[in-house]
2 protein chains.
Amino acid sequence: MTTSNLPRKKTSMKRRSLHEEISDHLRSMIIEGELPEGERIDESALCEQLEISRTPLREALKVLHSEGLVSIEPNRGARVAVLTPEEFAELFELIGGLERMAAELAASRATDSELKKLAQMQTRLESLYSAGDRHNYFELNQDIHRMIIAMSRNSTLTSLHEQLLMRASRGRYMAIGTEDRWEESVQEHQALLEALQAKDSVKAGEIMLEHVRHTGDCAVNALKLRKAV
Amino acid sequence: MTTSNLPRKKTSMKRRSLHEEISDHLRSMIIEGELPEGERIDESALCEQLEISRTPLREALKVLHSEGLVSIEPNRGARVAVLTPEEFAELFELIGGLERMAAELAASRATDSELKKLAQMQTRLESLYSAGDRHNYFELNQDIHRMIIAMSRNSTLTSLHEQLLMRASRGRYMAIGTEDRWEESVQEHQALLEALQAKDSVKAGEIMLEHVRHTGDCAVNALKLRKAV
DNA sequence: CGTTATAATTATGTATTCCTGATACTGGAT
DNA sequence: ATCCAGTATCAGGAATACATAATTATAACG
């Protein structure tokens, strides 16, 4: 008996509803900037573009709305949510608080292997900095933050953080924020790592809060400048 | 031209979509415990009960899902999300962090009139405590927390907090948490008020964090006991 | 020529229908 | 008696159809 009879395509057993896939698709379209801020979302047009019907699309829009990525005016349709500098600043304030919390928890809950992994990431971060590779630097930078969030061992916090990060990282304003103060950022990450290794919750939290606050301030300024155009 | 032509019935100009009203309705049904944890949500049944069609109901379910109040299994329908003690503990950890953040911000941003109002609420809280009025005590207690959140002047934080509170306050576990340690709670609130009046951000934050942590621990224990039955 | 009112069109909101996957039941074989 | 296969039934997922509000265009009036 051969195994060839078994359907090989069942590698991903996960049944995903259409509206879920559409949510993901639209979400990345918004985050990648393919759908720009304030853009009206024409249901019919999107439907034939994605080759789906309106029902699951509308369900997806509801989901993205409650995630804060889409705004809906009754009887007037949906559009990509516009991020005002004020909202952006609020978001960063929030993210800062969450990341401080995560850093504090991570300091007391992190395993040795996690700390080791984090140290490796930090080393790589520094080499990317030396190499002047801004793009990969930013990616790794976000990964490090995500790693620390995960180390908090609070999945509710983790998913919430991820959601807020999506709202904030639209248009790569955050990237600008970190790139604007490259050297400081590397140093702050180093200090944070040391605090985590020392299991100093308070210090780790403080460093993280200041770090995010600085990044946020730069990003907010970048956003304000762009809006002023 | 007279003004009599203008339709008078437009007192409430807000056009609310059906799915929005249904979301609100279901949300309160879940929070009030009318729909118990784990209960299957039969779409057809609910539709004829609420006298609506399935489309807006399903949209509402998607919204409640992304709020964490409803769980959806593809092709197997929706049910009221069950709150495990672990998730509940995580939620409280999160809420604690958010409320600390809010308290810190409130200490530096609160207006005099807000502080005055808060002091009045505290006075009333103490009288409710003396009178042994547990029900109204709990209500006012929540109002005070909401008030402090609002004083943070961060609307994103405020709405997020409200959402998490809904997830956590199902079944009134939180009420049990505060009632279990009534006297301490009153004192902590008093100390918090004083820190806010002194505009001592750090202290206000610390008190708040400890306060929520204690409340949460009691609530988690209450939940675990109930689950154990 | 501009303004306003009304009609036509378009897009959103809701209902209904169709289809597909899941669960329960029946019957047969071991 | 139990376990498996096959079928029937049912509920959820998606598409289509219908209703209604909003927008635009057009025409009439000042």
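# Chat on a predicted protein–DNA model

Reader: Before the details, how big is the area buried between chain A and chain B?
Author: Bearing in mind that this is a predicted model, the area buried between chain A and chain B comes to about 2,600 Å², and carbon and sulfur atoms give 54% of that area.

Reader: And how many residues of each chain are in contact?
Author: On the chain A side 31 residues are in contact, and they meet 31 residues of chain B.

Reader: How many salt bridges are there between the two chains?
Author: The count between chain A and chain B is 7 salt bridges. One of the pairs that form a salt bridge is A:Glu104 with B:Arg100, where the closest N and O atoms are 3.0 Å apart.

Reader: What about polar contacts across that interface?
Author: Across the interface of chain A and chain B there are 15 residue pairs in polar contact, with both residues at pLDDT 80 or more.

Reader: Which elements of chain A give two or more residues to that side?
Author: Four helices of chain A do so, namely α1 (18–31), α3 (54–66), α4 (85–109) and α7 (155–168). The largest share of the side of chain A that touches chain B comes from α4(A), which gives 12 residues.

Reader: And by class, what does that side look like?
Author: The side of chain A that touches chain B has 13 charged residues, alongside 10 nonpolar and 8 polar ones.

Reader: Changing topic to the DNA, which residues are closest to strand D?
Author: Of the 16 residues that surround DNA strand D, the closest are A:Leu18, A:Ser53 and A:Thr55 from chain A, together with B:Arg40 and B:Arg58 from chain B.

Reader: Is it bases or sugar and phosphate that the protein mostly has within 4 Å?
Author: Among the atoms of DNA strand D within 4 Å of the protein, 67% belong to sugar or phosphate, and the rest belong to bases.

Reader: Which side chains have an N or O atom by a phosphate oxygen, and at what distance?
Author: In the side chain of A:Ser53 an N or O atom is 2.8 Å from a phosphate oxygen of DNA strand D, and for the side chain of A:Arg76 the corresponding distance is 2.9 Å. From chain B, a backbone N or O atom of B:Asn75 lies 3.4 Å from a phosphate oxygen of that strand.

Reader: Where along the chains does the surface near strand D come from?
Author: The elements that give two or more residues to the surface near DNA strand D are α3 of chain A, and β1 (40–41) and α3 (54–66) of chain B. The largest share, 3 residues, comes from α3(A). By class, that surface has 7 charged, 6 polar and 3 nonpolar residues.

Reader: Stepping back, how many helices and strands does chain A have?
Author: The secondary structure of chain A comes to 10 helices and 3 strands, which run α-β-α-α-β-β-α-α-α-α-α-α-α from the N terminus on. The C-alpha trace of chain A spans about 70 × 55 × 35 Å along its principal axes, and 47% of the 229 residues of chain A count as buried.

Reader: One last residue: is A:Gln122 buried or exposed, and why?
Author: A:Gln122 counts as buried because its relative accessibility is 4%, whereas the cut-off for buried is under 20%.

Reader: Where is A:Gln122 found, and what does this residue touch?
Author: A:Gln122 is found in helix α5 (residues 112–131) of chain A. Not counting residues up to four places away in sequence, A:Gln122 touches A:Ile144, A:Val186, A:His189, A:Gln190 and A:Leu193.

Key:
Residues numbered from 1 in each chain as written. Chains lettered and ligands numbered in written order. Heavy atoms only, no water. Contact = heavy atoms within 4.5 Å. Buried area = accessible area lost by both parts, 1.4 Å probe. Salt bridge = Lys/Arg side-chain N within 4 Å of Asp/Glu carboxyl O. Polar contact = N/O pair within 3.5 Å; in protein donor to acceptor, adjacent residues only side chain to side chain. Nonpolar A, V, L, I, M, F, W, Y, C, P; charged D, E, K, R; others polar. Near = heavy atom within 4 Å. Buried < 20%, exposed > 50% of the residue type's maximum accessible area, 1.4 Å probe, protein only.
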